[in-house]
Every structure is written in C-alpha cells, then in structure tokens.
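Please open the structure in your viewer and keep the selection tool at hand. The tour below goes from stop to stop, saying what to select and what is found there.

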Amino acid sequence: MTFTKTSQKFGQWADSRANTVFGLGFGSEQQLAKFAEKFQEVKEAARLAREKSQEKAETSSNHSQESGRDTPSRASSVNGTDDEKASHGGPVDLELKCENDKLKVALAQSSSNVKKWETELQTLRDSNARLSSALQESSASVEQWKKQFLTCKEENDQLRNKIEELEAQCEEINKEKERNLQLSQRLQELEIELQEKDLELEDLRKQGEIIPQLMSECESVTEKLEAAEIKNKELEERVRTLKTDVEESKHRHGHLKMELKQFLEVLDVKIDDLHEFRHGLSKLGIDS
C-alpha cells in the first residue's frame with residue numbers, strides 16, 4: 001500500500017483486497033510528515049524481508065540442485081555398483097523433489113503476490129485520481145460559496161443603506177408631523193380670531209341699529225365689515241388649504257409606513273437566507 005498526502009494535515013491509503021480507503025487527520029504538518037516517514041520505513045522493511053526470503057529460497061534451491069548433481073557421482077565412486085547407487089540415491093532424490101516442489105509453490109505465491117501488488121498499486125492510483133478530482137470539485141464549490149457570500153454581503157450593505165434612507169425619511173415624517181401640529185394650532189388660533197371678529201361684527205351691527213345718528217360711522221363700520229368678511233373668506237380659504245395640507249401629510253405618512261413595512265418583510269427574508277447560507281458554510285467546514 002502507498003500512503004498519500006492529500007493536504008497539509010491529512011493523508012490516506014487504500015486496501016484493494018478489502019476495497020476500502022483509510023484516512024488519518026493530524027494536528028500539525030510535522031506529525032503527518034513523521035507518520036509518512038514511518039509508513040515508508042515499515043514498507044521498505046517489508047520489501048527487504050520479502051527479498052531476503054526470496055534470496056534464501058533461491059539459495060536453498062540452488063544448493064539442493066548442486067547436492068543432487070554431486071551425490072550420484074560420489075555414490076558411484078565410492079560404491080561402484082548400480083544396486084548401491086539405487087540404495088543410497090533414492091532418499092536424496094525424494095528430498096530434492098520435495099524441496100523443489102516447495103520452491104515451485106513459493107515461486108507461484110511470489111508471482112501471485114506481485115500481481116496482487118500491481119493490482120493494489122493500480123487501485124491506489126485510481127483512488128488518488130478520484131480523490132484529486134473530488135478535491136478540485138470541493139475547491140470549486142468553496143469558491144462558489146465565497147462568491148455567493150460576497151453577493152449576499154453586498155445585498156446586505158444595500159439593505160442597510162436603504163434602512164438608513166428610510167430612517168431619514170421617518171425623521172422627515174416626524175418633522176412633517178410637527179409642522180402639521182403647528183398648523184393645527186394655528187388653525188385653532190385663526191378660528192378663535194374668526195369668532196372674535198364675528199362678535200365684533202355683531203357689536204358693530206347692534207351699534208348701527210341703536211345709534212341712527214352715527215351714519216357716517218356706520219359707513220365706516222360697513223367698510224370694516226366688508227373688509228372683515230373679505231378677510232374671513234381669506235381665512236376660510238386658508239383654513240381649507242391647511243386642511244388639505246394636513247390630509248396630504250396624513251396620506252404621505254400612511255404610504256411611507258406601508259413602504260417601511262414591506263421593506264422590513266423583505267429584510268427579514270434576506271436575513272433568514274443569510275442565516276441559512278452561514279449554516280451551509282459551517283456545515284461545509286465541518287465536512288471538510
């Protein structure tokens with residue numbers, strides 16, 4: 001198996017026989033480097049042990065073959081008869097045959113192990129390719145989330161600016177209310193003044209009826225009365241104008257309240273979306 005560093009603090013390896021990928025996370029990059037070095041040392045030690053085992057098997061095989069070639073000659077030179085050759089050479093040949101069979105089995109196992117190692121290596125390469133692709137996709141997803149976060153942040157800034165504008169408009173509405181209150185007070189004062197003028201006009205009429213000799217003064221009073229009526233009409237016209245202004249101010253105030261309510265509803269929706277987006281980012285960070 002091959003240990004692969006997939007990030008600064010994470011590494012993994014695959015077991016093709018179990019069809020499983022293992023991974024480990026570390027607290028620092030130094031710990032990951034130490035683990036990778038130890039992993040490589042153990043792997044190298046296993047390889048050396050395997051090579052020594054193969055060399056030992058080959059040496060014993062060669063030694064057995066040499067012993068098989070030398071034994072018949074020594075037996076023939078010492079004994080000199082075919083019967084003696086058969087009596088001395090039979091067990092040795094049987095032992096050499098057993099050792100040869102064992103070596104064949106070991107060689108077959110070595111070949112199968114090589115094929116397994118090649119399969120595991122290919123599996124690890126495929127797994128590394130898949131993990132690299134997944135890492136690239138994850139990086140692209142993170143970049144996309146960053147862009148969406150920046151977009152939401154810009155929208156939030158725009159909403160804040162809109163709120164500031166609405167607050168400024170509310171201040172203007174409050175000022176308009178104060179002006180309307182002043183106009184109402186002024187209207188009441190004008191109504192009182194109009195009542196006083198009406199009383200004054202009534203007194204003048206009574207004086208004109210009681211004192212006929214003051215005709216000249218009556219004419220002046222009549223002129224005053226006409227002037228007062230004209231002024232009364234002007235005041236009434238002004239009162240109507242003020243009432244119209246008050247009604248328009250009330251209408252504008254109601255319209256602004258409606259706009260502020262709609263804006264607050266939109267703001268609540270945006271804030272909920274921002275919370276969901278933040279929750280998604282935190283979840284993505286935990287999964288990573």
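Two strands are said to pair if DSSP finds at least two bridges between them. With that in mind, and remembering that this is a predicted model, begin by selecting strand S1, residues 4–5, together with S2, to which S1 is joined by two bridges in an antiparallel arrangement. Within this pairing, threonine 4 has glutamine 12 in S2 as its bridge partner, and the two strands form a hairpin that leaves four residues between them.

Next, extend the selection to strand S3, residues 20–25, which runs antiparallel to S2 and is joined to S2 by six bridges. Here aspartate 15 is bridged to threonine 20 in S3. S2 and S3 also form a hairpin with four residues between them, and in the turn you can pick out asparagine 19, whose phi is positive, at about 55°.

Now select S2 alone, residues 10–15: is this strand largely enclosed or not? Five of its six residues are buried, so S2 is largely enclosed by the rest of the structure; buried, in this case, means under 20% relative accessible area.

Move on to helix H2, residues 82–210, and select alanine 106, which lies in this helix. Alanine 106 is partly exposed, with a relative accessible area of 29%. If you add glutamate 58, which is 48 residues away along the chain, you will find the C-alpha atoms of the two residues separated by 9.9 Å.

Finally, select glutamate 172, which is also placed in helix H2, and then add Glu164, Glu165, Glu167 and Glu171, which gather with Glu172 in a patch of negative charge on the surface.

How values were computed: Residues numbered from 1 in each chain as written. Predicted model: local features only at pLDDT ≥ 70, side-chain atom pairs only at ≥ 80, totals over all residues. Heavy atoms only, no water. Patch = residues over 30% accessible without salt bridge, like charges linked within 9 Å, V, L, I, M, F, W, Y side chains within 5 Å. Areas by Shrake-Rupley, 256 points an atom, 1.4 Å probe, with all protein chains shown as cover. Salt bridge = Lys/Arg side-chain N within 4 Å of Asp/Glu carboxyl O. Lys, Arg positive; Asp, Glu negative; His and termini not counted. Charge placed at Lys NZ, Arg CZ, Asp CG, Glu CD. Buried < 20%, exposed > 50% of the residue type's maximum accessible area, 1.4 Å probe, protein only.
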